[in-house]
Amino acid sequence: MYAISIDSGGTKVVGAVVDEKGKILTKARHEIPVRNGDYLIDVFRDIINRYSSDYPIDVVSIGGNGRIDPVRGIILNCGVYQNWQGRHLREELQQTCRLPVSVNNDCYCAIKGELWQGAAREYSVVVGIIIGTGLGGAMADHGRFWHGARFGAGEIGHMILRPDGLPCYCGQKGCVERYVSGTALWNAYNRAVGEEQLSSGYEFFERYNGGDATARQVLSTFLDDLSVVMANISNLCDPDAILIGGGISETKEVWAQELENRYRHQVGDCMQKTKIVYASMGNDAALLGAAKFGFELLEHLSSEEGQK
Ligand SMILES: [Zn+2]
């Protein structure tokens, strides 16, 4: 079986063909200069048409940002693109490709990929925390994701960490994402020094690795905050493992032991068994996870067919 897997981010789209063993047969990146849903769907159609002519494709799988209804394949909420919110993506793409189409949130896809082929494959109950520009999450229990009543579950980034803290675009104040994300790191540094010296997480870690005292203090507070979030998650979900992914996990060598110590210090005896694991599939996780969702959709469709 073959899936066309599409990982759709804020500024780029990656398309791939993945087989049922999780092998990526081909992959290409497409820049998205226009933040418009009509443009985006044309890019998806081009990818689907090209790969469909080269491979015997069984299913098309999309991982997209924003809140997504994976049952109906609808984009419920997405601030990144115009003409995107409310879109019946599955229906639109099925008209083009005449194949089953699976649509899921990209963060769910990344965690699904790690559960299937990566760092989380030995665990049954896993909470994923994806720390990149922002902070996303998802909870999986024996292969099934907790979606919530309106497909909004797993918004770890918008749990409130500091009542009356920094305002967030979601309308709340003091959200986790404002303190625990790549953006939060360099913003906290700039606030500490009183001027806009940094504009990326990369620059932040350059300062940190150079022995900058402010960067060290900022990272220490970041790890304190992250460990509190993880302790709360553990008590809510009792996971086998908390998976940390996203761009930040690439720097784990400099802070993973510190985080482990803080977490162990925070939680009671019951939660000491929860493991902390780090994403191992890099940027391919979301492509693989999207494909796996697609293969599961095929299984579901064929079992429905068998019941008729
Ligand atoms: Zn928020």
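Across which strands does helix H8 lie? Helix H8, made of residues 284–307, lies across S1, S2, S3, S4 and S7. Its direction is at about 135° to S4. Please keep in mind as you look around that this is a predicted model.

## The sheet beneath H8

The strands just named belong to an open sheet of five, ordered S3-S2-S1-S4-S7, with mixed pairing. Strand S3 (24–31) and strand S7 (101–105) are at its edges, and each has a single partner strand, so one side of each has no neighbour in the sheet. From one strand to the next, the twist averages 15°.

A useful reminder for reading any sheet: strands pair through backbone hydrogen bonds, and the pairing can be parallel or antiparallel. Here you can find both. Strand S1 (residues 2–8) and strand S2 (residues 12–19) are antiparallel partners joined over seven bridges, and within that pair Ala3 has Val18 of S2 as its bridge partner. S4 and S7, by contrast, pair in the parallel sense over five bridges. To locate this pairing on screen, start from Gly63, whose bridge partner in S7 is Asn104.

Helix H1 (residues 37–54) also lies across part of this sheet, namely S1, S2, S3 and strand S4 (59–64). H1 runs at about 155° to S1.

## Strand S7, an edge with cover

Is the edge strand S7 buried or exposed? Five of the five residues of S7 are buried, so the strand is largely enclosed by the rest of the structure. In a regular strand, side chains alternate between the two faces of the sheet. In S7, Val101, Val103 and Asn105 point one way, while Ser102 and Asn104 point the other way, and all are buried.

## Lys112, a buried lysine

Helix H3 (residues 106–117) contains Lys112. This lysine has 29 other C-beta atoms within 10 Å, and the cut-off for a buried residue is 20 or more, so Lys112 counts as buried.

What does Lys112 touch, leaving aside its neighbours within four places in sequence? Its contacts are Gly289, Lys292 and Phe293. Those positions fall within H8, the helix of residues 284–307. Another residue to look for is Met139: its C-alpha atom is 10.0 Å from that of Lys112, with the two residues 27 apart along the chain.

## A second open sheet

Met139 brings us to strand S9 (residues 135–141), which is joined to strand S8 (residues 125–131) by seven bridges, the two running antiparallel. A handy landmark in this pair is Ile129, which stands opposite Gly137 in S9.

S8 and S9 are part of an open sheet of five strands in the order S10-S9-S8-S11-S12, again with mixed pairing. Its edge strands are strand S10 (144–145) and strand S12 (275–278), each of which pairs on one side only.

## Where H4 meets H5

Finally, take a look at helix H4 (residues 182–193) and helix H5 (residues 201–209). Their axes come within 8 Å and cross at roughly 55°, which makes H4 oblique to H5. The crossing of H4 past H5 is left-handed.

On the H4 side, the contact is made by Gly182, Leu185, Trp186 and Tyr189, and on the H5 side by Gly201, Glu203 and Phe204. Sorted by class, these are four nonpolar, two polar and one charged residues.

Notes. Residues are numbered from 1 along each chain as its sequence is written. This is a predicted model: local features need pLDDT of at least 70, side-chain atom pairs count only at pLDDT 80 or more; totals for chains, interfaces and linings use all residues. Axes are lines fitted to C-alpha atoms, for helices over the stretch in contact, and angles run from 0 to 180 degrees between N-to-C directions. Helices (H or I, at least four residues) and strands (E, at least two) are DSSP runs, numbered from the N terminus. Angles under 35 degrees count as roughly parallel, over 145 as roughly antiparallel, 65 to 115 as roughly perpendicular and the rest as oblique. A crossing is left-handed if the near helix is turned anticlockwise from the far one by less than a right angle, and right-handed if clockwise. Two residues are in contact if their C-beta atoms, placed from the backbone, lie within 7 Å. Ala, Val, Leu, Ile, Met, Phe, Trp, Tyr, Cys and Pro count as nonpolar, Asp, Glu, Lys and Arg as charged, and the others, Gly among them, as polar. Two strands pair if DSSP finds at least two bridges between them. A residue is buried if 20 or more other C-beta atoms lie within 10 Å of its own, exposed if 12 or fewer, and partly exposed in between; C-beta atoms are placed from the backbone.
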